[in-house]
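Here are some exercises to work through with the model open beside you. Try each task before you read its solution.

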Amino acid sequence: MGTEEPKSTGPDLAQGVALATLTDGIMILGHVRGEPVLLVRRGEDLFAIDATCTHYGALLADGLVVDDTVCCPWHHARFSLRTGEALTAPALNPVSCWRVERSPGSALEGTPGQHCTGVAYVREKLPQVDRPSWSCGADKERTIVIVGGGAAGNAAAEILRREAYSGRITLLSADDSLPCDRPNLSKAYLAGAASEESNILRSAEFYRDHEIDLQLRANVVAIDAGRGYVELQDGTRHAYGALLLATGAAPVKLGIPGADLPHVHYLRTLADSRALVSKAATARRAVVIGASFIGLEVAASLRARNIEVDIVGPETVPMEKILGADVGKFLRKLHEEHGVKFHLGTTASSIDGHIVTLKNGETLAADLVVVGIGVRPATSLAERAGLAIDRGVTVNEYLETSVPGIFAAGDIARWPDRLTGDRIRVEHFVVAERQGQTAARNMLGQREVFAAVPFFWTEQYDFSLAYVGHAEHWDKTDIEGSLDERDCTISYLHHGRRLAAAFVHRDLEGLRTEIELAKAMMAHVND
Ligand SMILES: Cc1cc2nc3c(=O)[nH]c(=O)nc-3n(C[C@H](O)[C@H](O)[C@H](O)COP(=O)(O)OP(=O)(O)OC[C@H]3O[C@@H](n4cnc5c(N)ncnc54)[C@H](O)[C@@H]3O)c2cc1C
Ligand code: FES
């Protein structure tokens with residue numbers, strides 16, 4: 001995974017493709033005047049769209065056609081073949097559609113070779129399909145307030161406008177920067193491989209142009225659900241017709257002597273990542289406290305900057321609880337091959353000047369300490385407002401909280417999972433965005449059940465893994481293929497039933513699994 005430069009591969013689609021060679025649902029990757037384009041046949045329809053994903057630039061030809069959509073192989077965004085619209089996150093921008101022309105007298109029926117004669121030519125790029133404008137709608141007098149300018153909050157605000165909601169949108173964020181691509185903060189940006197601009201999901205102009213009143217450094221301290229307003233720390237009040245809580249999660253703080261020294265860092269916000277990048281410019285030795293995703297990704301990024309890294313964690317195998325012992329041991333070896341030293345089965349007991357002392361008596365030199373020991377959902381605002389809480393904000397299948405008109409999405413939301421029957425809460429970027437999108441539609445009265453399959457990914461050095469489903473507890477893992485050869489599927493089973501699977505270099509299988517699980521889920525929804 002990463003960003004990819006589009007190349008002119010495959011046939012020149014402007015020169016034409018014989019209809020007899022087009023198989024239903026199979027994508028043809030070609031180019032038109034130097035731009036990569038996908039040509040797809042669905043039944044008797046032909047579609048041509050841009051060939052690269054608008055998220056991180058994956059080639060959509062490596063993904064999957066499902067109905068009249070294309071799913072991206074990397075992070076599973078879905079685009080409409082008919083309109084180019086980015087139907088599901090993490091892609092936020094549409095792809096362009098291209099005009100397809102058939103030669104006179106051509107026919108496209110049945111299987112290839114049968115009744116398929118003539119040629120398809122891809123002509124010019126079409127203008128984006130006009131969405132209904134929000135400036136002339138009926139809800140002018142309504143206000144939707146969104147608390148939280150992260151993945152879920154931003155996605156919700158965008159969808160409200162895409163759905164032609166014409167009322168006010170107030171997006172209140174305690175952050176001091178624009179909504180950002182949080183996963184980038186521990187990966188490419190921290191490693192020095194991505195620009196500062198790549199962190200921002202949308203520019204300030206985007207919010208202005210879409211009449212989204214984004215207020216930064218706006219810390220909401222109270223909700224009056226009875227009278228329908230939220231109150232900021234400075235006393236300002238914002239009345240709402242509907243409210244979305246998307247306050248995310250906050251890092252767990254280290255409670256040991258020296259934890260507040262200036263060279264001890266956490267990583268949640270863009271400001272945190274900038275501070276780390278700045279320290280990394282001169283740091284020589286880092287101690288990373290915590291051997292979970294953030295810790296391991298930070299370690300990989302600091303190694304890319306040639307900083308010596310020690311990782312400290314209480315577990316004996318990193319990531320074992322989430323990914324199982326085999327993946328955990330593989331990750332440890334991967335990091336060790338890159339020069340990282342592990343100190344497992346222990347924790348830090350104090351930080352003193354430039355020495356981190358461990359409970360087992362070891363001492364580690366560090367001019368930079370990064371703490372990644374987990375996060376807690378930011379539920380205090382919801383709690384004070386009297387919303388039902390259960391290790392997160394309790395929501396129903398429409399992402400509505402126990403108080404009608406107040407919705408919750410993202411890291412704070414615990415929702416009923418149709419697949420397992422359990423109430424689950426996850427901390428995944430794509431899930432947060434998709435929940436923001438569903439919550440937005442439901443704030444407009446559309447009763448859309450949240451039935452997306454959880455998905456996350458991690459990248460460390462040149463290794464990436466995608467995870468589909470949700471297995472909080474499993475009793476068996478099953479590896480098909482080889483981790484060492486970086487070509488495998490790891491299934492997580494409970495009582496013989498596969499709840500989730502992780503994929504290494506098997507993007508298509510990951511997509512197919514997500515689609516299978518989604519179908520199973522929809523079957524439950526329709527029961
Ligand atoms: C460094 C890092 C790397 C990650 N990498 C991955 C990854 O590779 N894959 C993956 O799937 N997930 C990853 N995640 C997790 C993912 O980013 C989160 O699950 C996702 O951002 C959650 O979205 P959210 O909208 O719920 O919360 P957030 O994106 O955290 O946004 C919460 C927002 O709420 C605001 N807020 C909080 N309280 C208040 C208040 N009282 N008033 C006003 N505003 C408030 C905050 O300022 C913030 O703007 C990563 C997270 C981090 C920190
Ligand atoms: S590159 Fe397509 S979803 Fe990320």
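**Exercise 1.** Is Leu483 buried or exposed?

*Solution.* A word on the ground rules first: this is a predicted model, where local features need pLDDT of at least 70, side-chain atom pairs count only at pLDDT 80 or more, and totals for chains, interfaces and linings use all residues. Residues are numbered from 1 along each chain as its sequence is written, chains are lettered from A and ligands numbered from 1 in the order in which they are written, and side-chain values use heavy atoms, with hydrogens and water left out.

Step 1: apply the cut-offs, with buried meaning under 20% relative accessible area, exposed over 50%, and partly exposed in between (1.4 Å probe, protein chains only). Leu483 has 9% relative accessibility, so it counts as buried.

Step 2: place Leu483 in the loop between strand S36 (476-482) and strand S37 (487-494). Helices (H or I, at least four residues) and strands (E, at least two) are DSSP runs, numbered from the N terminus.

Step 3: list the contacts, meaning heavy atoms within 4.5 Å. Not counting residues up to four places away in sequence, Leu483 touches Asp326, Val327, Phe330, Cys488 and Val504. The C-alpha atoms of Leu483 and Val504 are 7.5 Å apart, with these positions 21 residues apart along the chain.

**Exercise 2.** Find the order of the five strands in the open sheet and say which stand at its edges.

*Solution.* Step 1: the order is S34-S35-S38-S37-S36, with antiparallel pairing; two strands pair if DSSP finds at least two bridges between them.

Step 2: S34 (455-460) and S36 each have a single partner strand, so they are the edges, and one side of each lacks a neighbour in the sheet. The twist from one strand to the next averages 15°.

Step 3: look at one pair, S37 and S38 (residues 497-504), which run antiparallel and are joined by seven bridges. Thr489 has Phe503 of S38 as its bridge partner.

Step 4: turn to Thr477 in S36. Thr477 counts as partly exposed because its relative accessibility is 28%. Beyond four places in sequence, Thr477 is in contact with Asp326, Ile490, Ser491 and Tyr492.

**Exercise 3.** Which side chains of strand S15 point to the buried face?

*Solution.* Step 1: recall that in a regular strand the side chains alternate between the two faces of the sheet.

Step 2: in S15 (residues 212-215), Ile212 and Leu214 point to one face and are buried, while Asp213 and Gln215 point to the other and are not.

Step 3: find the partner of S15, strand S14 (residues 168-172), paired in the parallel sense over four bridges. Leu172 stands opposite Gln215.

Step 4: check Thr170, which is found in S14. With a relative accessible area of 6%, Thr170 is buried. Its contacts beyond four places in sequence include Asp213, Gln215 and His238.

**Exercise 4.** How do helices H1 and H10 pack?

*Solution.* Step 1: H1 (residues 151-162) and H10 (residues 429-443) pack at about 40°, with their axes 7 Å apart. Axes are lines fitted to C-alpha atoms, for helices over the stretch in contact, and angles run from 0 to 180 degrees between N-to-C directions.

Step 2: among the residues making the contact are Ala155 and Ile159 of H1 and Ala432 and Gly436 of H10.

Step 3: consider the cover of H10, where 15 of 15 residues are buried.
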